[in-house]
Amino acid sequence: MATPVGMIRALHRGTLGQSVVVDRIFSGIQPTGTPHLGNYLGAIQNWVKLQEESSSVLYSIMDMHSLTMPKEPAVLRQNILDTTAAILACGIDPKKCFLFRQSLVPEHAELAWILGCLTNVPRLLRLPQWKMKCASQNNEGTVGLLTYPVLQAADILLYKSTHVPVGEDQVLHLELAQDIAQHFNKKYGEFFPMPKAILSTTKKIKSLRDPAVKMSKSDPQKLAAVNVADSPEEIVLKFRKAVTDFTSEVTYDPASRPGVSNLVSIHAAVTGLSITEVLHQSAGLDTARYKMVVAESVIQKFAPIRNEIKKLQEDKSHLIKVLEDGAEKAKELAAPIYQEIRQLVGFQ
């Protein structure tokens with residue numbers, strides 16, 4: 001279980017060298033365009049909650065990480081803006097957090113080099129994401145693909161972050177960041193706090209076409225993922241085509257009925273009801289009718305978000321300014337910490 005946010009504390013040096021107790025949460029999202037249902041329920045919804053509960057929160061559009069997979073420059077530029085519009089529409093407030101583009105704060109890359117020199121290659125080669133993504137690139141994975149977990153560690157440690165909202169599939173990367181921090185502290189003296197995970201309480205959202213795998217925008221099946229900007233017609237179609245089984249009753253049993261259980265998880269997450277409450281409300285429905293109930297719940301949840309995304313996408317200059325203003329604030333926070341790191345390692 002995650003530590004309550006109100007109890008999160010980290011030591012950060014003030015300008016006069018005194019220790020000041022502050023909250024510090026860091027998380028990021030790759031710019032893949034408009035997020036899907038799994039992104040929203042598993043991460044962004046939690047981000048909105050955390051910005052209300054903590055005094056120091058940083059959310060980054062991770063454009064440097066996106067280069068680990070082939071991207072056309074024009075597509076990347078548009079994806080950055082679309083992702084920004086979407087998370088703003090979902091409730092992220094730049095007045096309550098630092099929202100910025102990763103590549104606008106060069107200290108991320110500079111610290112990644114220092115931390116990379118403290119990280120051994122066999123540890124990176126054992127990470128399952130490397131094995132999976134390298135295989136998807138015909139075992140010709142790049143150096144960036146291998147070392148991006150080190151950049152993730154730099155993203156977190158650059159701000160002396162104490163807690164990181166993560167999904168289950170990123171826990172190993174956070175453990176790597178913890179190990180790197182410990183290695184740095186052992187070599188140069190106590191400096192970085194140990195970042196801890198804030199795990200989402202939402203069940204992992206699965207593909208609508210294959211409930212054995214998580215929902216993903218990269219899924220080649222177009223009906224597998226629901227995007228937050230999908231039209232009502234698109235949402236209805238995707239849920240109508242969702243894979244279930246030959247039993248018509250609505251039950252929750254992820255092991256033997258993964259498809260129907262995925263629908264129940266989605267229904268509970270978008271309505272705020274418990275699994276038990278959802279099942280009680282759905283008693284007597286067959287799965288075909290239940291799919292439409294879930295679709296309607298998702299449509300109602302995303303309708304205001306979809307409208308706001310459209311409005312924000314029409315004002316690119318506003319989106320760019322939000323990211324640039326956030327980057328300036330992030331730099332002000334990162335600069336004194338990175339200067340201390342430079343002194344510790346002997347650069348100055």
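In this short talk I will go through the nonpolar cores of this structure, one pair of helices, and a few single residues. Please keep in mind throughout that what we are looking at is a predicted model.

Let me begin with the cores. The largest nonpolar core contains 55 residues, and the ones that make the most contacts inside it are Leu37, Leu99, Phe239, Ile266 and Val298. If you ask which elements supply two or more residues to this core, they are strand 3 (25-29), strand 4 (57-61), helix 1 (37-53), helix 3 (73-89), helix 9 (232-240), helix 10 (258-271), helix 12 (287-313) and helix 13. Of these, helix 12 gives the largest share, which amounts to nine residues.

To see what this looks like from a single position, we can take Leu37, which, leaving aside residues up to four places away in sequence, touches Ile205, Met215, Val226, Phe239, Ile266, Val270 and Phe302. There is also a second, separate core, made of 42 residues, and among them are Trp130, Val150, Tyr159 and Ile180.

Now let us turn to a pair of helices. How do helix 4 and helix 13 lie relative to each other? The axes of helix 4 (residues 107-116) and helix 13 (residues 316-345) come within 11 Å and cross at roughly 25°. Because angles under 35 degrees count as roughly parallel, helix 4 is described as roughly parallel to helix 13. The crossing in which helix 4 passes helix 13 is left-handed. On the side of helix 4, the contact is made by Glu107, Glu110, Leu111 and Ile114, while helix 13 brings Ala335, Tyr338, Ile341 and Val345. Sorted by type, the residues of this contact are six nonpolar and two charged, with no polar ones.

Finally, I would like to look at two single residues. Is His65, which sits in helix 2 (residues 63-66), buried or exposed? Its relative accessibility is 3%, and since buried means under 20%, His65 counts as buried. Again not counting residues up to four places away in sequence, His65 touches Gln30, Gln102, Tyr148, Leu151, Gln152 and Asp155.

Leu237, by contrast, is found in helix 9 and has a relative accessible area of 36%, so that Leu237 is partly exposed. If we follow the chain from Leu237 to Ser274, the two residues are 37 residues apart in sequence, and in space they are 25 Å apart, C-alpha to C-alpha.

Methods. Residues numbered from 1 in each chain as written. Predicted model: local features only at pLDDT ≥ 70, side-chain atom pairs only at ≥ 80, totals over all residues. Heavy atoms only, no water. Axes fitted to C-alpha atoms, helices over the stretch in contact; angles between N-to-C directions. Helix = DSSP H or I, 4+ residues; strand = E, 2+ residues; numbered from the N terminus. Parallel < 35°, antiparallel > 145°, perpendicular 65-115°, else oblique. Left-handed = near helix turned anticlockwise from the far one by under 90°. Contact = heavy atoms within 4.5 Å. Nonpolar A, V, L, I, M, F, W, Y, C, P; charged D, E, K, R; others polar. Core = buried A, V, L, I, M, F, W, Y, C linked by side-chain atoms within 4.5 Å. Buried < 20%, exposed > 50% of the residue type's maximum accessible area, 1.4 Å probe, protein only.
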